Amino acid sequence: MVLLGTIVNGVAIILGALLGSLIKNIPERVKSTVMQAISLAVIVLGINMGLKSDQFLIVIGSLVVGALLGERWDLEEKLNRLGKWLETKVGAKESGGIAKGFVTTTLIYVVGAMAIIGALDSGLRGDHSVLYTKAMLDGFSAIIFTSALGIGVIFSAIPVMIYQGAIALFATQIDRFIPTELMDTFIVEMTATGGIMIIAIGLNILGLTKIRVANLLPSILVTAILVTCVYYWNSIIAFFSFFG
């Protein structure tokens, strides 16, 4: 079943969020320390991902163009509006609570190499092991995030399943159209681009910055376009060099 890994991942987030919502009377200083610890771990993860790049100019270009597109489309505000709409539907007591939990965890769970690589493995090889691993990580972190940020975390399961499910379904046909070398290069550069966004998320959780990370999301699409252009440009140069 192509979508099995994605479904397990979504269910893990839901169960983790439900469990986190049952944890009561946690002192604010404990929540603060736990969130700071998670933030530092997220930053280290982002740094590790960011250093994967083999062509860092692609990463820089992707972030710049992606930021311009994201600001023009105002994705951060749209995500916040969605979170606030969810607040009105579930009757949240604290204004902004659901929006913050939803936006923060959606970005963390979606922006990352494991989401794409795991979904690709599910679609290409029927191997769900990466998504199973991601499900364990996401489920555990959902417990912590929900206890600190509120029940809005549970709604992040929806975009996670849509995003990963779409990639998995697309991957069942992708090998017919995209060369393996091109796909490998995209994964590497996408990992680095996503890593920088992950660093920004960690800094935001720490309260050191207020980077509009959602407005950087188009960078992933731009990375795919730039990697494709560079790949075929190099192929053309190699072709003429061979016969030149």
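## Exercises on an all-helix chain

**Exercise 1. Judge the overall size of the chain against a compact globule.**

Step 1. Take the expected value: with 244 residues, a compact globule would have a radius of gyration near 18 Å.
Step 2. Take the value for the chain, which is 19 Å.
Step 3. Compare the two: they agree.
Step 4. Keep in mind that this model is predicted.
Step 5. Add the box. Along the principal axes, the C-alpha atoms fill roughly 75 × 40 × 30 Å.

**Exercise 2. Find how many helices and strands the chain has.**

Step 1. Count the elements: there are 10 helices and 0 strands.
Step 2. Read them in order from the N terminus. The run is α-α-α-α-α-α-α-α-α-α.

**Exercise 3. Describe the contacts, the buried share and the surface of the chain.**

Step 1. Consider contacts between residues at least 6 apart in sequence. Of these, 82% join residues at least 24 apart.
Step 2. Turn to burial: 44% of the 244 residues count as buried.
Step 3. Turn to the surface. The chain exposes about 12900 Å². Carbon and sulfur atoms supply 69% of that area.

**Exercise 4. Locate the charges of the chain relative to each other.**

Step 1. Count them: 16 are positive and 15 are negative.
Step 2. Take the mean position of each group. These two positions are 11 Å apart.

**Exercise 5. Decide whether Ser39 is buried or exposed, and name what it touches.**

Step 1. Place the residue: Ser39 lies in helix α2, which spans residues 28–50.
Step 2. Recall the cut-off: buried means under 20% relative accessible area.
Step 3. Apply it. Ser39 has 0% relative accessibility, so Ser39 is buried.
Step 4. Leave out residues up to four places away in sequence. Ser39 then touches Gly202, Ile205 and Leu206.

**Exercise 6. Classify the aromatic pairs of the structure.**

Step 1. Know what to look for: a pair of aromatic rings is described by the distance of the centres and the angle of the planes.
Step 2. Search the whole structure. There are 2 aromatic pairs.
Step 3. Take Tyr231 and Tyr232. Their centres are 5.0 Å apart, with 85° between the planes, and the pair is edge-to-face.
Step 4. Check their exposure. Tyr231 is buried because its relative accessible area is 18%. Tyr232, at 40%, is partly exposed.
Step 5. Take Phe239 and Phe240. The ring centres are 5.4 Å apart and the planes stand at 80°, so this pair is edge-to-face.
Step 6. Check these two as well. Phe239 has 46% and is partly exposed. Phe240 has 56%, so Phe240 counts as exposed.

Note on methods:
Residues numbered from 1 in each chain as written. Predicted model: local features only at pLDDT ≥ 70, side-chain atom pairs only at ≥ 80, totals over all residues. Heavy atoms only, no water. Helix = DSSP H or I, 4+ residues; strand = E, 2+ residues; numbered from the N terminus. Buried < 20%, exposed > 50% of the residue type's maximum accessible area, 1.4 Å probe, protein only. Contact = heavy atoms within 4.5 Å. Rg over C-alpha atoms; globule rule 2.2 N^0.38 Å. Areas by Shrake-Rupley, 256 points an atom, 1.4 Å probe, with all protein chains shown as cover. Lys, Arg positive; Asp, Glu negative; His and termini not counted. Charge placed at Lys NZ, Arg CZ, Asp CG, Glu CD. Phe/Tyr/Trp six-rings, centres within 6.5 Å; stacked < 30°, edge-to-face > 60°.
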